[in-house]
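Trainee: Could you take me through one part of this structure slowly? I'd like to look closely at the aromatic rings and see how they sit in the chain.

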Amino acid sequence: MRAYELGSRLQPSDVVSLTVAAFYNVYNDLRTVDPASATVFLPLYWGNDLRGDTYGLDAWANWQLTDWWRLSPGVTWVHERLAFKPGASELLGVGQAADDPSSHATLASSLSFPHH
C-alpha cells in the first residue's frame, strides 16, 4: 500500500480544536479467494488478485466543555475503487475485500476523574 495524506489542525479557542485530513491510498495484491482450478471448485485458496484505491476525508474536533469533560465528534467519508487483476477468478466479487460504509460519524465523551 502507498498512502498519501494532507491535513490541517486549527485551534480557534482554548477549548476547541478542529482537524481535517484528505487521504488517497493505492493497494496492490489484495487478498482474494480462488478455486483450485477452472474445472475443480474445491479446495479454495488464498490469492492476491485484487487491486484498487481509496480516497476520502476525515474530520474531527475536541471540545473541552469543563476541566473534567471533553466531547470529540468526528466524521469520515471514503470512496473505494477495486478491480480484479487480469486472469483472476472473481469468485466472490470485489465485496470480499471491501464491504465498508462510505461514511460514518462518531461521538466520544471523555471524563477525567479527580486524583488522577
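Mentor: Sure, here is the chain as a whole, followed by the aromatic rings and one serine. This is a predicted model, where local features need pLDDT of at least 70, side-chain atom pairs count only at pLDDT 80 or more, and totals for chains, interfaces and linings use all residues. Residues are numbered from 1 along each chain as its sequence is written, and side-chain values use heavy atoms, with hydrogens and water left out.

Let's set the scene. The protein chain has 5 strands and 0 helices, so you can read its order from the N terminus as β-β-β-β-β (strands are DSSP runs of E with at least two residues, helices are runs of H or I with at least four, and both are numbered from the N terminus). The C-alpha trace spans about 65 × 30 × 20 Å along its principal axes. The radius of gyration of the protein chain is 21 Å, while a compact globule of 116 residues would have one near 13 Å (it is taken over C-alpha atoms, and the globule rule is 2.2 Å times the number of residues to the power 0.38). Of the 116 residues, 23% count as buried (buried means under 20% relative accessible area, exposed over 50%, and partly exposed in between, with a 1.4 Å probe and protein chains only).

Now for your rings. The structure holds 3 aromatic pairs (rings of Phe, Tyr and Trp, using the six-membered ring of Trp, pair if their centres lie within 6.5 Å; planes under 30 degrees apart count as stacked, over 60 as edge-to-face and the rest as tilted). One of them joins Tyr 4 and Tyr 24: their ring centres are 6.3 Å apart and their planes meet at 20°, so this pair is stacked. It links distant parts of the chain, as Tyr 4 sits in strand 1 (residues 2–10) and Tyr 24 in strand 2, 20 residues apart. Tyr 4 counts as partly exposed because its relative accessibility is 45%, and Tyr 24 is partly exposed too, at 32%.

Trp 68 and Trp 69 also form a stacked pair, because their ring centres are 6.3 Å apart with planes at 20°. Trp 68 is partly exposed at 47%, and Trp 69 is partly exposed at 31%.

Finally, go back to strand 2 (residues 16–35), where you'll find Ser 17. Ser 17 counts as buried because its relative accessibility is 16%. Leaving out residues up to four places away in sequence, Ser 17 touches Leu 10, Gln 11, Pro 12, Trp 60, Ala 61 and Asn 62 (contact means heavy atoms within 4.5 Å).
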